[in-house]
Amino acid sequence: MKEPTTATTKRRRNDDADDQGKQKGTTIAGAPKKKQKKEVLKELLTSFLLLEQEQEKESDYETHHHQSLDENNHRQKTQTMIDYHNDLQGHYTDLQQSRLSSANKIMAAQIAISTKETPAKESGKSNQRRLWVKDRSTAWWDQCSHPDYPEAEFRKEFRMSKETFNLICEELNKDVIKVDTMLRQAIPVRQRVAVCIWRLATGAPLRHVSERFGLGISTCHKLVLEVCSAIKTVLMPKFLQWPDEEKLESIEKEFEAVSRIPNVVGSMYTTHIPIIAPKISVSAYFNKRHTERNQKTSYSITVQGVVDPKGVFTDVCIGWPGSMPDDQVLEKSALYQRANGGQLKGSWIVGSSGYPLMDWVLVPYTQQNLTWTQHAFNEKIGEIQHVGKSAFARLKGRWGCLQKRTEMKLQDLPVVLGACCVLHNICEMRNEEMGPDVDFKLVDDEMIPENSLRSMSSAKARDNIAHNLLHHGLAGTSFL
């Protein structure tokens with residue numbers, strides 16, 4: 001059933017219709033306003049884009065302008081520096097030419113003065129000053145090199161006679177001589193050799209050598225190394241070589257006449273040369289035995305040598321670290337390689353108890369409670385050992401540089417020590433006497449090797465030698 005229509009209900013309906021009509025009118029009228037806002041926004045965006053483009057163009061122009069200015073400034077600076085350098089180079093060239101011309105004038109004046117001088121100087125010495133050389137006194141060397149200088153004094157200073165010194169100078173002349181230059185005169189050969197020999201003989205510091213010979217310290221050091229190198233190159237092949245078969249037979253006879261032991265071709269000994277602690281491998285050069293005995297840390301390198309009955313070296317091995325025992329030094333030597341190659345077959349080299357008994361190395365008995373036969377053998381083999389030890393004592397006594405730590409570098413020592421051995425041989429071959437003031441007491445601690453017996457056949461051969469010495473009346477009786 002429919003509800004009755006009243007006036008109030010009709011009024012409500014009319015109000016609702018009016019409201020709906022107003023809402024529709026608002027919607028239709030608001031549409032044009034939205035379109036206007038969008039157009040305004042588009043115009044704003046367009047203007048912003050145009051402004052950005054104009055700013056970018058302006059910034060590009062400014063950047064390009066600044067770059068061009070920087071390039072122009074750089075070109076100007078570069079050109080200015082080039083011009084300055086050219087001016088400076090020209091000024092330096094002019095200055096250098098003026099100095100050279102002045103030096104040439106001075107040299108010409110000195111030459112003119114020297115040519116006007118009378119040859120009244122019989123000693124050959126000139127008062128002409130040498131350019132770029134400091135004036136030093138050479139009075140001591142001039143006195144020693146004078147023919148009237150006493151022979152005994154010369155022998156005391158250089159550990160050899162004038163005749164032997166002249167022989168060495170003649171042998172080294174071609175390898176040591178230098179030529180004069182425009183700025184200085186070369187040091188004569190005799191003075192070069194004298195610097196080296198006096199330094200080796202006395203072991204004096206380089207500053208003392210410099211004062212004696214009137215030369216610079218660095219020059220003296222250089223001369224010592226140069227002359228030692230020449231001695232090794234020129235004189236070692238002549239005066240320190242392994243003997244040939246004929247010479248070996250003569251050596252065997254001489255040793256047998258001394259000890260009654262046959263087939264001995266050499267006496268072997270190893271000594272230590274003190275050095276300053278090296279910068280690398282310090283522990284390898286540490287000498288424990290010398291440190292314990294002297295109560296002072298000691299470092300050393302070894303020199304192993306074989307000598308003939310006259311004390312002349314026939315083989316040397318130089319430069320192995322002081323921590324190595326004698327048997328290890330022997331294994332590193334060329335003598336060991338030569339013997340293993342069969343060159344010493346049937347011959348003996350006598351060594352101390354620090355070496356092992358081998359097919360070619362004969363050493364004394366070292367065990368306790370020795371028999372009479374073994375005592376007799378040790379007594380006789382000791383006479384051969386004394387030959388080698390005495391040779392090393394004369395080597396160190398003659399060349400004082402071997403008695404104390406030297407200033408030389410470790411890598412230079414083998415050449416210097418080799419030169420000392422060669423000079424020792426020359427002096428021994430020429431029977432150069434040594435005064436009592438250069439006697440040296442040789443002390444080298446011997447260490448019995450871990451394996452002191454390397455060959456059973458050599459042990460039997462040693463027993464046979466000992467038996468023949470005692471029972472054929474060839475051994476002494478000092479051990480009784």
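Visitor: What makes residues 115-127 a stretch to treat with care?

Guide: In this predicted model, pLDDT stays under 50 over residues 115-127. The model has 4 contacts there beyond four places in sequence. Where pLDDT is low, the predicted coordinates should not be read in detail.

Visitor: And what is the mean pLDDT of the protein chain?

Guide: The mean is 83, and 79% of the residues reach 70 or more. Over residues 1-6, though, the pLDDT is below 50, and this stretch has 1 contact beyond near neighbours in sequence.

Visitor: Happy to move on to the helices! Why are α7 and α14 called oblique to each other?

Guide: Helix α7 (residues 217-239) and helix α14 (residues 413-429) pack at an angle of about 50 degrees. Roughly parallel would need an angle under 35 degrees, and roughly perpendicular one of 65 to 115. The value fits neither class, so the pair is oblique. Their axes are 8 Å apart, and the crossing is left-handed.

Visitor: Which residues meet there?

Guide: From α7 they include L225, I231, L235 and F239, and from α14 they include V415, V422, L423 and M429. By class, this contact has 13 nonpolar, 3 polar and 1 charged residues.

Visitor: One more, about V264 in strand β1 (residues 264-275). How do you know whether V264 is buried or exposed?

Guide: Buried means under 20% relative accessible area. V264 has 0% relative accessibility, so V264 counts as buried. Leaving out residues up to four places away in sequence, V264 touches I251, E252, F255, W348, V350 and I384. V264 and I349 are 85 residues apart in sequence, yet 5.8 Å apart in space, C-alpha to C-alpha.

Conventions. Residues are numbered from 1 along each chain as its sequence is written. This is a predicted model: local features need pLDDT of at least 70, side-chain atom pairs count only at pLDDT 80 or more; totals for chains, interfaces and linings use all residues. Side-chain values use heavy atoms; hydrogens and water are left out. Axes are lines fitted to C-alpha atoms, for helices over the stretch in contact, and angles run from 0 to 180 degrees between N-to-C directions. Helices (H or I, at least four residues) and strands (E, at least two) are DSSP runs, numbered from the N terminus. Angles under 35 degrees count as roughly parallel, over 145 as roughly antiparallel, 65 to 115 as roughly perpendicular and the rest as oblique. A crossing is left-handed if the near helix is turned anticlockwise from the far one by less than a right angle, and right-handed if clockwise. Contact means heavy atoms within 4.5 Å. Ala, Val, Leu, Ile, Met, Phe, Trp, Tyr, Cys and Pro count as nonpolar, Asp, Glu, Lys and Arg as charged, and the others, Gly among them, as polar. Buried means under 20% relative accessible area, exposed over 50%, partly exposed in between (1.4 Å probe, protein chains only). pLDDT is the predictor's confidence in each residue, from 0 to 100.
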